[in-house]
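Trainee: Could you take me through one part of this structure slowly? I would like a close look at the place where the two domains meet.

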Amino acid sequence: MSAPNPVRCAVIGTKNIAGQHLPVLQALPEAEVAALCDIDAQALDETSRRFGIEPTFKSADDLQAWGEFDAVYVLVSVLAVAEVAERFIRAGIPTFLEKPPGLYSSDTERLAAAVRETGTTAMVGLNRRFYTCLQAGREALLNTGDIVSVTVHADEVTAPHWEGSKFPPEVAARWAYANSIHALDLLRYLGGDVASVTSLVRQRGLPKPDSFSALLEYESGAVGRAVSDQFGPKGTGHFYEARTRNAVLTSRSGLSSCVLEVRGREAVRFDLTGLDRRLKPGFPGESRAFLRAVQTGEPVSFPAPTLDDAVRTMKMIDEITGAEEWAPKPAT
Ligand SMILES: NC(=O)c1ccc[n+]([C@@H]2O[C@H](COP(=O)([O-])OP(=O)(O)OC[C@H]3O[C@@H](n4cnc5c(N)ncnc54)[C@H](O)[C@@H]3O)[C@@H](O)[C@H]2O)c1
């Protein structure tokens with residue numbers, strides 16, 4: 001049987017993270033980068049030359065009018081992702097969205113509704129779920145029994161985002177969604193759906209609440225613990241630990257490996273494998289999952305995050321951060 005044709009991908013947003021996605025798309029036989037699009041002419045030109053990709057388009061309108069592609073990668077600035085993605089989802093064009101799909105749960109719900117109404121293939125780039133070390137470690141942990149607890153630290157240095165970085169204050173105020181979502185989503189990747197959250201929210205050094213400590217009860221009855229301090233130095237940074245009755249999986253020495261300790265056995269370490277070793281970890285796996293869904297027409301499935309899945313993670317973050325109480329509201 002011959003291999004299916006590569007998926008012709010148009011990449012929208014060509015700056016920082018595009019520089020990590022493009023080498024992955026160029027390395028995967030199931031992808032072909034068909035075009036680039038950015039409203040910033042300089043970024044567009046530089047990326048076109050660096051990766052040898054043409055044609056280029058200065059707006060999503062122009063790209064869509066051209067139309068010679070099978071799928072889009074929406075890698076635009078945080079506040080633009082939802083709007084750009086929605087037009088392609090509504091046009092029935094398979095859409096990969098960088099996280100966060102919307103900065104607000106209500107934006108992400110709107111995108112999820114568009115997917116339900118149109119049946120368009122869409123997937124969110126929560127790439128930690130595709131780290132090869134974590135996938136292997138999780139599988140080995142699950143072989144030891146049911147998960148009974150998951151602990152995640154999503155500590156970050158966020159002061160620079162309040163001091164005139166490329167991020168607007170609205171994004172700085174919702175950093176738990178803009179970036180900590182990577183770590184907080186692992187609560188659901190490792191433990192499943194969450195039934196209830198009890199949280200303590202404090203303000204220690206930034207213009208908005210910046211310290212979040214929560215206890216979670218999973219639908220399975222397992223317990224979760226989420227810690228996200230955004231003030232001061234990084235400390236532990238992003239970290240996960242998941243336990244069954246006899247075993248514990250931790251990312252204790254950084255996210256590019258994890259260690260499984262099973263009672264009475266020697267600890268086993270899982271490292272990154274395959275393309276994860278030389279490209280941005282998790283990006284090859286997530287793109288393979290998306291491209292397979294586009295080629296087969298089958299829905300994306302776990303661990304690939306759908307828009308509905310992303311809504312569930314964002315609603316969990318709403319409860320951990322109490323953001324509904326204090327954070328800016330969507331403009332609409
Ligand atoms: N998965 C990860 O590890 C990871 C890491 C960093 C960023 N991200 C996500 O990737 C996305 C992009 O982040 P970045 O750091 O590359 O941002 P960036 O600011 O470096 O680049 C964004 C680009 O999008 C362009 N753009 C904005 N609006 C546009 C529009 N309407 N049409 C076309 N182009 C438009 C900008 O001109 C800019 O060149 C964000 O959603 C961010 O959260 C993910």
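Mentor: Happy to; here is a walk across the boundary between the domains. We are looking at a predicted model, in which local features need pLDDT of at least 70 and side-chain atom pairs count only at pLDDT 80 or more, while totals for chains, interfaces and linings use all residues. Residues are numbered from 1 along each chain as its sequence is written, and side-chain values use heavy atoms, with hydrogens and water left out.

The domain assignment (automatic or from a database) gives domain 1 as 7-127 + 283-305 and domain 2 as 129-276 + 311-326. Taken over C-alpha atoms, their centres lie 25 Å apart. Where they meet, 29 residues of domain 1 are in contact with 24 residues of domain 2, contact meaning heavy atoms within 4.5 Å.

Together the domains bury about 2200 Å², with 66% of that on carbon and sulfur atoms; buried area is the accessible area (1.4 Å probe) that two parts lose on being put together, summed over both. Leu 103, Leu 126 and Asn 127 supply 26% of the area that domain 1 buries against domain 2, more than any other three residues.

Now for the charged groups: the count between the domains is one salt bridge, that is, a side-chain nitrogen of Lys or Arg within 4 Å of a carboxyl oxygen of Asp or Glu. Glu 109 pairs with Lys 315 in a salt bridge, and their closest N and O atoms are 2.8 Å apart.

Finally, look at α10 (283-296), a helix (a DSSP run of H or I, at least four residues). With six residues, α10 gives the most to the side of domain 1 that touches domain 2.

Note on methods:
Helix = DSSP H or I, 4+ residues; strand = E, 2+ residues; numbered from the N terminus.
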